[in-house]
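Grab your viewer and work through a few exercises on empty space and surface. Each one comes with a solution you can follow step by step.

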Amino acid sequence: MFDFSIITQWFDQLLRVSVGCPDWLAILIECVVVGVAILLAYALIACALIFMERKVCAYFQCRLGPMRVGYWGILQVFADVFKMLIKEIFFVDKADKFLYIVAPLLVIFGSVGAFSFLPWNKGATILDFNVGIFLLTAISSIGVVGIFLAGWGSNNKYSVVSAMRGAVQMISYEMSLCLCLITAVILTGTMQMSGIVEAQTGPWKWLVFQGHIPALIAFLVFLVAGNAEANRGPFDMAEAESELTAGHHTEYSGMGFGFFYLAEFLNLFIISGIAATVFLGGWAPVNVGIEAFDAVMNYIPGIVWFMGKAFALVWLLMWIKWTFPRLRIDQILKLEWKYLMPLTLINLVLMTVIVALGLYIK
């Protein structure tokens, strides 16, 4: 398995030794390069997800989707992005301009921050703290504040109602999300993202295999709760067009709306990426204990494994969105507090007992 840290160490030595940069300048250049790489990957994956969403929903509705702009409609997303960039950003009368401006920035900051925790390859985790799971959940929660401020600052009663619905839905489902992650932390014994992946490297070492029933339950609940956390169907009541026009971002135009749009799609990828990392081994290849087979699998780069697993889960969640009807807000909250929350608490206790007794697959 290729270790990306070889490249990062080479680049660091290039700046410090070959070029002769002082430590502070080398660190500054490295931070800028990494920041640009994160934003570029964020934008490109967002374009891919938007195009994928259009094609997947068209497939399920027996349509073709975008076909006119570029081959197979592949340039349609870039045309829409250009249109959004040149649209005028206007302010609503008597709106709180400060909150109106800050809200989409908070949403995009929380999304980019969570995106930075994803382990792309061995040695290629941008933010890899020993309390990574804790920081990941803390940073991703910033988006809740942005959604509420967007509705409140818009001077629109419908937006306020939608923002309250969206905030209570996200806060509720974050409980189950965190409990599922804690279940994985108990089994792996670490909160570091790279450590969680390393614990799943080897034959039949993915968490869904190691932790068998409790890990499988946590994985399925995580997908359901993550879908609701990202305001995706059938949990998108907070932005239901027929009831609340467009939700908390009704009064936004141009890139103000674009930030909410980007964050929604990237949150889908982040949820899928975290699920792939924590439960499906992240960049760890499929190993079954057969030396020849495992050797071939290990030749495949880790980023290919990670992206393949993440986009497979993205496709699954899109399938769910375009299959099931939208739920009412009371049904959404009932599912969380009456079913998922008790299930995850029981599952957490069950995983603790299994780890304490050593009943998991080693």
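Here are three exercises, after a quick word on the ground rules.

This is a predicted model, where local features need pLDDT of at least 70, side-chain atom pairs count only at pLDDT 80 or more, and totals for chains, interfaces and linings use all residues. Numbering runs from 1 along each chain as its sequence is written, and side-chain values use heavy atoms, with hydrogens and water left out.

**Exercise 1. Describe the largest cavity and its lining.**

Step 1: get the rule straight. On a 1 Å grid over the protein atoms alone, a cavity is a set of points where a 1.4 Å probe fits but cannot get out, while a pocket is an open set with protein on both sides within 12 Å along at least five of seven lines; lining residues have an atom within 4 Å of a point. Points are joined across faces, edges and corners, and a volume is the space filled by probe spheres set on them.

Step 2: count and size. There is one cavity of 30 Å³ or more, and the largest cavity holds about 430 Å³.

Step 3: look at the walls. Of its 29 lining residues, Ser140, Met170, Glu229, Ala230 and Asn267 are closest to the centre. H12 gives the most to this lining, seven residues; helices are DSSP runs of H or I, at least four residues, numbered from the N terminus.

Step 4: sort by type. The cavity lining has 15 nonpolar, ten polar and four charged residues (nonpolar: Ala, Val, Leu, Ile, Met, Phe, Trp, Tyr, Cys and Pro; charged: Asp, Glu, Lys and Arg; polar: the others, Gly among them).

**Exercise 2. Do the same for the largest pocket.**

Step 1: its volume is about 730 Å³.

Step 2: the pocket has 23 lining residues, with Phe4, Thr8, Val34, Ala37 and Ile126 nearest its centre.

Step 3: H1, helix H2 (23–60) and helix H14 (302–321) each supply at least two of them, and H2 has the largest share with nine.

Step 4: the pocket lining splits into 17 nonpolar, four polar and two charged.

**Exercise 3. Is Phe4 buried, partly exposed or exposed, and how about Ser176?**

Step 1: find them. Phe4 sits in the segment before helix H1 (5–18), and Ser176 is in helix H7.

Step 2: apply the cut-offs: buried is under 20% relative accessible area, exposed over 50%, partly exposed in between (1.4 Å probe, protein chains only).

Step 3: Phe4 is partly exposed because its relative accessibility is 31%. Ser176 comes out at 0%, so it counts as buried.

How values were computed: Helix = DSSP H or I, 4+ residues; strand = E, 2+ residues; numbered from the N terminus.
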